[in-house]
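Let's take a look at the empty space in this model and at the contacts around it. Have the structure open as you read.

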Amino acid sequence: MSREIAEPAAPLPAATFQILLALVDAERHGYAIMKEVADRTDGAVRIGPGTLYGTLKRLLDAGLVEEAGERADAESADERRRYYRITKRGMAAARTEARRMEAMLVVAWEKKLIGPRTA
Amino acid sequence: MSAHERAFRWLLARTAHGIPRGTREMELAFRDLYRAAAGRTTRLWLETLVDVARSALALRIDAARARAGELTHATEGTMKIMAMVTMLAGAVVTASAAFEGWAGGVVRHDAASALAGALGIVAGLLLVGAGIAILRAARSAAFGARAAAVGCLLAFVGVTAAGRMSVFTLLLGFGMPLLLLIVLSRGGRTPAVAA
């Protein structure tokens, strides 16, 4: 189990949080996760296959994500894919990370780094 | 399968071997990326090479950590068995030395046999202690087990010098601590027996 994922109080690595975010609202297979992250960030964040499956393995070991069976993709329907879903523990870790970011954003807002007065 | 997919499979085979699962899914993901790239293969390959180079080390460390975990479990099993065998041998040596010491020292009034019996009892109890030390799996357990084994050997040198003892007891008294010292030296500095 990776130490960086095993401690929910520690900040999650960026790729880990992006993958958890991709799984919050739906079960997805590997490529669908990569595509969701790239689409959501307008291509600013692109996760490659090596990073994706390395991170997924650690998330599986840590119990933040679980396998949701194999089935053909609804769009391509060419080959069976292994789907992943977020667990309750994974949801809690993602929520903790989102709150941490929210707190940082509040500080940035108060210090006028972001907000209506910055242009 | 396209030449690009074959090249990616070749790359994975050289960077991600030892990873029990996931390579097939990585190939599928690359195939989807290749299709989505729609001819922009230079950028795809640059991103892929950077990604594989960055993640390969982490994947290998994870795989090595998993193998080390399996090895530790095997060592734990060996040490548990060794601890139980040592305690059993210690109990047998104690009982045997007590009987032989009583027979020689009390019945035949032979002081040397009585001394040999007493030393044999001490040696047997040291073996039992060594087994308990291994099972405790504390930080100082390896040192304690080794010290007990050496103490048992010294006691049996005294037993041999002091008087007569059966071949069976002598074999156990010399053989068991020697075997224990060999196993401890091969199994690492701390006998990792998980509680």
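## The enclosed space

Keep in mind that this is a predicted model. The count comes to one cavity of 30 Å³ or more, and the largest cavity has a volume of about 50 Å³.

Who lines it? On the chain A side, the largest cavity is lined by His29(A), Gly30(A), Tyr31(A), Tyr53(A), Arg81(A) and Arg82(A), while chain B brings in Glu25(B), Leu28(B) and Ala29(B). In terms of elements, α3 (30-40) and β3 (80-86) of chain A, along with α2 (23-37) of chain B, each put at least two residues into the lining of this cavity. The largest share, three residues, comes from α2(B). By character, the lining of the largest cavity splits into four nonpolar, two polar and three charged residues.

## A helix pair across the chains

α2(B) also turns up in a helix packing, this time with α4 (residues 49-62) of chain A: the two pack at an angle of about 145 degrees, with their axes 9 Å apart. The crossing of α4(A) and α2(B) is right-handed.

Which residues of α4(A) and α2(B) meet? From α4(A) you get Pro49(A), Gly50(A) and Tyr53(A), and from α2(B) you get Glu25(B), Met26(B), Ala29(B), Phe30(B) and Leu33(B). The residues of this contact divide into six nonpolar, one polar and one charged. Some names here should ring a bell: Tyr53(A), Glu25(B) and Ala29(B) are also part of the lining of the largest cavity.

## A salt bridge at the cavity lining

A search of the whole structure turns up 16 salt bridges over all chains. One of the cavity-lining residues, Arg82(A), forms a salt bridge with Glu67(A), and the closest N and O atoms are 3.8 Å apart.

Arg82(A) sits in strand β3 of chain A and Glu67(A) in strand β2 (residues 65-72) of chain A, so the pair ties together parts that are 15 residues apart in sequence.

## The open pocket

Now for the open space: the largest pocket holds about 510 Å³. Its lining has 20 residues, and the ones nearest its centre are Ala38(A), Arg46(A), Leu33(B), Leu44(B) and Glu47(B). Leu33(B) is familiar from the contact of α2(B) with α4(A).

Which elements supply at least two residues each to the lining of the largest pocket? They are α3 of chain A, together with α2 and α3 (41-107) of chain B. α3(B) gives the most, with seven residues. As for character, the pocket lining divides into ten nonpolar, two polar and eight charged residues.

Note on methods: Residues numbered from 1 in each chain as written. Chains lettered and ligands numbered in written order. Predicted model: local features only at pLDDT ≥ 70, side-chain atom pairs only at ≥ 80, totals over all residues. Heavy atoms only, no water. 1 Å grid on protein atoms, 1.4 Å probe; cavity = no way out; pocket = protein on both sides within 12 Å on 5 of 7 lines; lining within 4 Å. Points joined across faces, edges and corners; volume = space filled by probe spheres on them. Helix = DSSP H or I, 4+ residues; strand = E, 2+ residues; numbered from the N terminus. Nonpolar A, V, L, I, M, F, W, Y, C, P; charged D, E, K, R; others polar. Axes fitted to C-alpha atoms, helices over the stretch in contact; angles between N-to-C directions. Left-handed = near helix turned anticlockwise from the far one by under 90°. Contact = heavy atoms within 4.5 Å. Salt bridge = Lys/Arg side-chain N within 4 Å of Asp/Glu carboxyl O.
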